[in-house]
There are 2 protein chains.
Amino acid sequence: MLKLYLAPGTCALASHIALAEAGADYTIEKLDMKANQQNSPEYLKLNPKGRVPTLVTDRGVLTETPAMLAFIAQTFPKAKLAPLDDAFAFAQVQAFNSYLCSTVHVAHAHKLRGARWATEETTFADMKRMVPKTVGACFALIERDMLKGPWVMGEQYTICDPYLYTIATWLEGDGVDIAALPKVADHHKRMAERPAVQKVLADQKA
Amino acid sequence: MLKLYLAPGTCALASHIALAEAGADYTIEKLDMKANQQNSPEYLKLNPKGRVPTLVTDRGVLTETPAMLAFIAQTFPKAKLAPLDDAFAFAQVQAFNSYLCSTVHVAHAHKLRGARWATEETTFADMKRMVPKTVGACFALIERDMLKGPWVMGEQYTICDPYLYTIATWLEGDGVDIAALPKVADHHKRMAERPAVQKVLADQKA
């Protein structure tokens, strides 16, 4: 049995969707980040980084979205969520997810998480002003060079798709017009229609 | 034949060491980042992100350090650079590398790459002041909870080791005293003694 610690509105949505798509046997545990539950002594014992998501497995605890997504794909191979027998194709999947975590998510985080990297209010305001541009540039690159269509890696739905969908849900709040990104917008719409995505969103709201 | 595009002093060192440890047949191509070669039209055709490293393979181009490291481990299984037959252990390797790319490298980048996320000189100065603290906190966590010893994952040397070594070479410049991190310091010293690391450092200087 797997247990996913998440908070609604965060990147944990990607792993949650992947678990549902994989047909995994899992439960979720919602953290209240406004109450700072991610920094409670109990949670820090599980994940000393004080972040979500955390995946508790029979073997121990996993963190970091790209690692968890690949783990889910490898643990449930019948769901075909990654090209597991092709190191190059698998690396393309991983490169996409790594770009999302290390560049796109980081660009987005400068809107509300400036205190991770600075101390002054004027700095936070400066960072915030640039988010539409930086996140917009990331998504322009995704639109132009990375999203093969209909799914991120082409015909086969993979662990890249729930992760892109998750980060694209932040676009409106980041001041980026998804309508100007037709491939991303189409991907987003088709993702929202998937039963696994609808179930997961309902479970996170419940 | 593999070809690695790199620039000395960057995180490309991790993949370079991994290729050498794997016994791969590869060549390197050095970019002059002071001359902005990473944004030349020729290079942007290979890697539209304008970053290093880029790995050119017979199948196409790969980017993003964690993806390239896992690719090298999977392509050269005899080198045993990752636990390829154990999804959980592989995910632990990936989680470590994902933390390095999305949190530790990002904390470091606020020293000199503030223009990625802001525009004002006062912002850059604020970001720069916080680097010793943020990078120091990341490495305190690595020291306390993540580096099992003697290698990152314990007895087996993996693709986590050259990546940690690479980022730890930035500690002095980031204002973090490696001597206060005995396990990291010991790891760094033993990495520097490895023939593959010495060869790669010499090749990058040549």
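**Exercise 1.** In this predicted model, work out how B:Arg129 and B:Asp126 are placed relative to each other in helix H5 of chain B, and decide whether each is buried or exposed.

*Solution.* Begin with the sequence positions: B:Arg129 and B:Asp126 stand three residues apart in helix H5 of chain B, so about one helical turn separates them. Next, look at the side chains, which meet in a salt bridge with an N to O distance of 3.5 Å, and this falls within the 4 Å cut-off that a salt bridge requires. Finally, compare the surroundings of the two partners: B:Arg129 has a relative accessible area of 54% and is therefore exposed, as the limit is over 50%, whereas B:Asp126, at 1%, is buried, as the limit there is under 20%.

**Exercise 2.** Determine how many residues apart B:Asp186 and B:Arg190 lie in helix H7 of chain B, and classify the accessibility of B:Asp186.

*Solution.* Both residues belong to helix H7 of chain B, where they lie four residues apart, about one turn of the helix. Their side chains form a salt bridge, with N and O 2.9 Å apart. Because its relative accessibility is 37%, B:Asp186 counts as partly exposed.

**Exercise 3.** Find which parts of chain B are linked by the pair B:Lys111 and B:Asp174, and state whether these two residues are buried or exposed.

*Solution.* First confirm the pairing, a salt bridge between the two side chains at 3.2 Å from N to O. Then locate the partners: B:Lys111 sits in the loop between helix H4 (87–109) and helix H5 (121–146), while B:Asp174 sits in the loop between helix H6 (160–168) and helix H7 (182–192), so that the pair, 63 residues apart, links distant parts of the chain. As for accessibility, both B:Lys111 and B:Asp174 are buried.

**Exercise 4.** Describe the interface of chain A and chain B, starting from the residues in contact and ending with the makeup of the chain A side.

*Solution.* Start with the contacts, in which 49 residues of chain A meet 49 residues of chain B. The two chains bury about 3700 Å² between them, 62% of it on carbon and sulfur atoms; in chain A, the greatest losses of area to chain B fall on A:Arg59, A:Phe88 and A:Trp117, together 17% of what that side buries. Turning to polar features, there are 12 residue pairs in polar contact across the interface and two salt bridges between the chains, one of which joins A:Arg59 to B:Asp86, with the closest N and O atoms 2.9 Å apart. On the side of chain A that touches chain B, H4(A) gives the most, with 14 residues, and that side divides into 24 nonpolar, 14 polar and 11 charged residues.

Terms used:
Residues are numbered from 1 along each chain as its sequence is written. Chains are lettered from A and ligands numbered from 1 in the order in which they are written. This is a predicted model: local features need pLDDT of at least 70, side-chain atom pairs count only at pLDDT 80 or more; totals for chains, interfaces and linings use all residues. Side-chain values use heavy atoms; hydrogens and water are left out. Helices (H or I, at least four residues) and strands (E, at least two) are DSSP runs, numbered from the N terminus. Buried means under 20% relative accessible area, exposed over 50%, partly exposed in between (1.4 Å probe, protein chains only). Contact means heavy atoms within 4.5 Å. Buried area is the accessible area (1.4 Å probe) that two parts lose on being put together, summed over both. A polar contact is a pair of N or O atoms within 3.5 Å; within protein, one must be able to donate a hydrogen and the other to accept it, and residues adjacent in sequence count only if both atoms are side-chain atoms. Ala, Val, Leu, Ile, Met, Phe, Trp, Tyr, Cys and Pro count as nonpolar, Asp, Glu, Lys and Arg as charged, and the others, Gly among them, as polar.
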